[in-house]
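Biologist: Could you walk me through the sheet and the cavities of this one? I have the sequence and the coordinates open.

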Amino acid sequence: MERVPRVLVTEAAKQVIDRLREEHGDLMFHQSGGCCDGSAPMCFRNGDFRTGISDVCLGQIHGCDFYMSRSQFEYWKHTQLTVDITEGRGASFSLEIPLGIRFLIRSRPYTEEEKDRLVPVEEG
């Protein structure tokens, strides 16, 4: 039975990830659910953001681990997330900000069929 991924990435976001990876090396994503841009997915050099017991790993996007705070995951666990980009500067420390773009999340609820086949989350 094929597993349903919890997080996906658009082609446009993949291109940005490739560009950032060329400049910064291996990358990771984290979405905290905090106020302001803290609720947006943020891209860091792999290991520059320390994850812990308050985080879960939802999977990988384009070779990058994608983490979310456990409390935020409780709100989003019924939806599939897609990382995309949009023009405009975010107010965070995410690596794409100097490019004049920012990552964002698009979401949709899982179907009843998909709910039984979700990729399990891993502890941060």
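Modeller: Here is the sheet, followed by the cavities. This is a predicted model, where local features need pLDDT of at least 70, side-chain atom pairs count only at pLDDT 80 or more, and totals for chains, interfaces and linings use all residues. Residues are numbered from 1 along each chain as its sequence is written, and side-chain values use heavy atoms, with hydrogens and water left out.

Biologist: What is the strand order in the open sheet?

Modeller: The 5 strands run 3-2-5-4-8 with mixed pairing, where strands are DSSP runs (E, at least two residues) numbered from the N terminus and two of them pair if DSSP finds at least two bridges between them. Strand 3 (42-45) and strand 8 (122-123) each have a single partner strand, so one side of each is left without a neighbour in the sheet.

Biologist: And how does strand 8 pair with strand 4?

Modeller: Strand 4 (residues 55-61) pairs with strand 8 in the antiparallel sense over 2 bridges, and Val56 has Glu123 as its bridge partner there.

Biologist: Switching to cavities, how many are there of 30 Å³ or more?

Modeller: There are 2, a cavity being a set of points on a 1 Å grid over the protein atoms alone where a 1.4 Å probe fits but cannot get out, with lining residues having an atom within 4 Å of a point. The largest holds about 50 Å³ of space, the volume being that filled by probe spheres set on the points, which are joined across faces, edges and corners.

Biologist: Which residues lie nearest the centre of the largest?

Modeller: Of its 11 lining residues, those are Ala40, Ser92, Glu96, Arg102 and Phe103.

Notes:
Helices (H or I, at least four residues) and strands (E, at least two) are DSSP runs, numbered from the N terminus. On a 1 Å grid over the protein atoms alone, a cavity is a set of points where a 1.4 Å probe fits but cannot get out, and a pocket is an open set with protein on both sides within 12 Å along at least five of seven lines; lining residues have an atom within 4 Å of a point.
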